[in-house]
Amino acid sequence: MNKSLALAHFQTSFQFITHQNERFSYLEGAYLALIGGCDWVQLRMKGATDEEVEPIARKLKLACEGAGATFILDDRVELVKKLQIDGVHLGKNDMPVDEARKFLGDEFIIGGTANTFNDIRRLHEQGADYIGCGPFRYTTTKEKLSPVLGIEGYRQIIEKMRENKISLPMVAIGGLTPDDIDPLAELGIGVAMSGTILNAENPVTMTRQIHDKCFGLFMENLNHFFENQ
């Protein structure tokens, strides 16, 4: 997907981050999210080798292309370039964003993980395209969890970003549920989910409900913007 188009679409979508559980493999979970209308998928397989990730990434790349979804690979910069995946998401202990940019060039999307405003300022200076900020609350899908932010933590970060004239698309990560979408949307923040989808009785239906809610809120905020011009 074209980078500019993907980032413009970022504000209307939510991100599904892959995980595996007793019901679904990484690939099966991603397929269900795509069937439900998710248009931004991140393949995250911490602890796996590139040899284990590559065949799954190849299949998921084709599925995302067929669904018109943006495909992001967690951490593996070299594999992103090799497979011509839309972009990469880099954690705090992964390759620095500026180094990844030199390796990949400007046509790839590069996102970064943040827990504090200082993290965001660093990522902004390094040239990140978007921020995954969290955790919102405790989650079992990620090891070595940073301090939990809660809605007030996000509010303080957004205020500091505005004060410092930093404008980057952001999704909240970590233990999110559909009830968290509205208060985060009021701050201009999107959502990234994993367990909420995979643990649902019907992951496709859950995905569709979340997608429709996120898109509806975006259109509502867009209408308010034009009404106030």
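Reader: What share of the 229 residues in the protein chain is made up of buried residues?

Author: Buried residues make up 53% of them. The model is a predicted one. A residue counts as buried when its relative accessible area is under 20%.

Reader: Why is the protein chain called as compact as a globular protein of its length?

Author: Start with the elements: 10 helices and eight strands. The radius of gyration is 16 Å, and the globule rule gives 17 Å for 229 residues. The two values are close, so the chain is as compact as a globular protein of that length. The C-alpha atoms fill a box of roughly 50 × 40 × 35 Å along the principal axes.

Reader: What part of the contacts joins residues at least 24 apart in sequence?

Author: Take the contacts in the protein chain between residues at least 6 apart. Of these, 57% join residues at least 24 apart.

Reader: What belongs to carbon and sulfur atoms on the accessible surface, and where do the charges lie?

Author: The accessible surface comes to about 11,200 Å², and 50% of it belongs to carbon and sulfur atoms. There are 24 positive and 32 negative side chains. The centres of these two sets lie 3 Å apart.

Reader: What makes a set of residues a nonpolar core, and which members of the largest one touch the most others?

Author: The members must be buried residues of the listed nonpolar types, joined through side-chain atoms within 4.5 Å. The largest core here has 67 residues. Leu43, Leu60, Ile120, Tyr154 and Met170 touch the most other members. Helix α2, residues 26–35, gives the largest share of this core, six residues. A second core is separate and has 11 residues, among them Ala6, Ile72, Ile109 and Tyr130.

Reader: Why is α2 called largely enclosed by the rest of the structure?

Author: Seven of its 10 residues are buried, so the label fits. They are Tyr26, Leu27, Gly29, Ala30, Leu32, Ala33 and Leu34. Just after α2, Gly37 takes a positive phi of about 105°.

Reader: Which residues is Met170 in contact with, beyond four places in sequence?

Author: The partners are Phe10, Ile120, Ile131, Cys133, Tyr154, Ile157, Ile158, Met161, Ile189 and Gly190. Each pair has heavy atoms within 4.5 Å, which is what contact means here.

Reader: Why does Met161 count as buried?

Author: Its relative accessibility is 4%. The cut-off is under 20%, so Met161 qualifies. Met161 is found in helix α7, residues 150–163. Beyond four places in sequence, Met161 touches Phe117, Ile120, Ile166, Leu168 and Met170. Its C-alpha atom is separated by 29 Å from that of Gly195, 34 residues apart along the chain.

Reader: Which residues of α6 are buried, and what do they pack against?

Author: In α6, residues 117–126, the buried ones are Phe117, Asp119, Ile120, Leu123 and Gln126. They pack against α5 (97–104), β5 (109–114), β6 (130–133), α7 and β7 (170–172). Gly127 follows α6, with a positive phi near 100°.

Reader: Which residues are joined by a cis peptide bond?

Author: Gly134 and Pro135 are, with omega about 10°. Pro135 lies in the loop between β6 and α7.

Reader: Why is Lys165 called exposed, yet Asp75 called partly exposed?

Author: Lys165 has a relative accessible area of 72%. Exposed means over 50%, so Lys165 passes. Asp75 has 26%, which falls between 20% and 50%, so Asp75 is partly exposed. Lys165 is found in the loop between α7 and β7. Asp75 lies in the loop between β3 (70–74) and α4 (77–83).

Reader: What phi does each take?

Author: Asp75 has a positive phi of about 75° although it is not a glycine. Lys165 is not a glycine either, and has a positive phi of about 55°.

Reader: Why is Asn199 called exposed?

Author: Its relative accessible area is 56%. That is over 50%, so the label holds. Asn199 lies in the loop between α9 (195–198) and α10 (203–227).

Reader: Which residues is Asn199 in contact with, neighbours within four places left aside?

Author: Asn21 and Arg23. The C-alpha atoms of Asn199 and Phe24 are separated by 9.6 Å, although these residues are 175 apart along the chain.

Key:
Residues are numbered from 1 along each chain as its sequence is written. This is a predicted model: local features need pLDDT of at least 70, side-chain atom pairs count only at pLDDT 80 or more; totals for chains, interfaces and linings use all residues. Side-chain values use heavy atoms; hydrogens and water are left out. Buried means under 20% relative accessible area, exposed over 50%, partly exposed in between (1.4 Å probe, protein chains only). Helices (H or I, at least four residues) and strands (E, at least two) are DSSP runs, numbered from the N terminus. The radius of gyration is taken over C-alpha atoms; the globule rule is 2.2 Å times the number of residues to the power 0.38. Accessible areas come from the Shrake-Rupley method with a 1.4 Å probe; for residues, only the protein chains shown count as cover. Lys and Arg count as positive and Asp and Glu as negative; His and the chain ends are not counted. The place of a charge is taken as NZ of Lys, CZ of Arg, CG of Asp or CD of Glu.
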